[in-house]
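Visitor: Could you take me through one part of this model in detail? I would like a close look at the surface where protein and DNA meet, and at what lies beside it.

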Amino acid sequence: MPELPEVESQLDYLRRTALGRAIRKVSVFEPRIIKNSTAAAFRKTLTGRRLVSAYRRGKYLIVDTDRPRVLILHFGMGGDLQYYPGPKQRPRFTRIEFTLDNGYRLAFTCPRNICRVMSVGSPSDVPGLRQMGPEPLCSNFTLTVFKTMMGTGVSRAIKALLMDQKRIAGIGNIYADQILFETGIRPTRKTSDLDARETGRLYRSIRRVLKDALPTASEEALPSHYIYSRDFSGQGCPDCGRPLAKTRVGGRTTRYCAGCQR
DNA sequence: CCTATAGCCTGACGGC
DNA sequence: TGCCGTCAGGCTATAG
């Protein structure tokens, strides 16, 4: 569920709380979520490090330290950061806890253990980051770039392409459905079937939907007009009121309006 | 190379 | 009351 806008809000949270502090202690409650190294190496490489700066890439959060050592967080589904004064406030599902030099703690929580943390020398050590496609909200993601991407070897459903992190960074199930709804394109359409006008609309919709979601994105508040929310609350299409269709595309539950999306 | 699918993982929820 | 099956969704590994 944490997609580009939600990870951006996690980044904001980190900047308002633990960023700038040094790690006094690393507590590992769930070693399985640590990738690329053992729990012992994870602790050792990060203890004493200062969290200098952070940025987002796709659905990853990347934290640079005062050494050639980078903390990578991936929120999987339902991952979250919590900052609190002491162990009494430790949240449920805390998998990793950093005790900071001001005594406060930063927890990485994840109910389903699908999240991942890594301590690496460079972000490019992580295959998912190395192969990550362009950032859709950056200026180098132009219509031309998007058109080229849409033209190369694509017999797949358009929704599967939107969610492919090697093509575009940061779009997951919910925003893919919303982008396609606002474009009036059915998620099951083959990418090669889209004409130039639809491709242009899709490009603008990707940018608009993600950008509009940035200011308010957080785990608990998805806009009520989103087709995901509308389906969840048993309401129909926000435009025509018709019951929403549900199917599977790219292995994911997919919601659309059979009337408004062609 | 490209695409599709199974599996990881466990809380929430509905049915009985 | 409580058991059980299903679903959710990021990604990766593997199969076709």
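Guide: Happy to. A patch, as the word is used here, is made of residues with over 30% relative accessible area and no salt bridge, and nonpolar side chains are joined within 5 Å. Please keep in mind that this is a predicted model.

With that in hand, Met 1, Met 77 and Ile 114 make a nonpolar surface patch of about 250 Å². Met 1 sits in the segment before α1 (4-16). Its relative accessibility is 38%, so Met 1 counts as partly exposed. Ile 114 leads us on to the DNA, as this residue is listed among those around strand B and also among the closest to strand C.

Let us take DNA strand B. The residues around strand B are Arg 32, Arg 92, Phe 93, Pro 111, Arg 112, Asn 113, Ile 114, Gly 153, Val 154, Ser 155 and Arg 156. Of the strand B atoms that come within 4 Å of the protein, 84% are accounted for by sugar and phosphate. Several polar contacts can be picked out here. Arg 32 places a polar side-chain atom 2.7 Å from a phosphate oxygen of strand B. For Asn 113, a polar side-chain atom is 3.3 Å from a phosphate oxygen of strand B. Ser 155 takes part through its backbone, with an N or O atom 3.4 Å from a phosphate oxygen of strand B. Sorted by class, the surface near strand B holds four nonpolar, three polar and four charged residues.

Now for DNA strand C. This strand is surrounded by 18 residues, and the closest are Arg 112, Ile 114, Asn 173, Arg 252 and Thr 253. Sugar or phosphate makes up 61% of the strand C atoms within 4 Å of the protein, while the rest belong to bases. A base contact comes from Arg 112, where a polar side-chain atom lies 2.9 Å from a base nitrogen of strand C. On the backbone of strand C, a phosphate oxygen is 3.3 Å from a polar side-chain atom of His 74. Asn 173 uses a backbone N or O atom, which lies 2.7 Å from a phosphate oxygen of strand C. By class, five nonpolar, seven polar and six charged residues form the surface near strand C.

To return to where we began, Ile 114 belongs to the nonpolar patch with Met 1 and Met 77, and Ile 114 is also one of the residues around strand B.

Terms used
Residues numbered from 1 in each chain as written. Chains lettered and ligands numbered in written order. Predicted model: local features only at pLDDT ≥ 70, side-chain atom pairs only at ≥ 80, totals over all residues. Heavy atoms only, no water. Near = heavy atom within 4 Å. Polar contact = N/O pair within 3.5 Å; in protein donor to acceptor, adjacent residues only side chain to side chain. Nonpolar A, V, L, I, M, F, W, Y, C, P; charged D, E, K, R; others polar. Patch = residues over 30% accessible without salt bridge, like charges linked within 9 Å, V, L, I, M, F, W, Y side chains within 5 Å. Areas by Shrake-Rupley, 256 points an atom, 1.4 Å probe, with all protein chains shown as cover. Salt bridge = Lys/Arg side-chain N within 4 Å of Asp/Glu carboxyl O. Helix = DSSP H or I, 4+ residues; strand = E, 2+ residues; numbered from the N terminus. Buried < 20%, exposed > 50% of the residue type's maximum accessible area, 1.4 Å probe, protein only.
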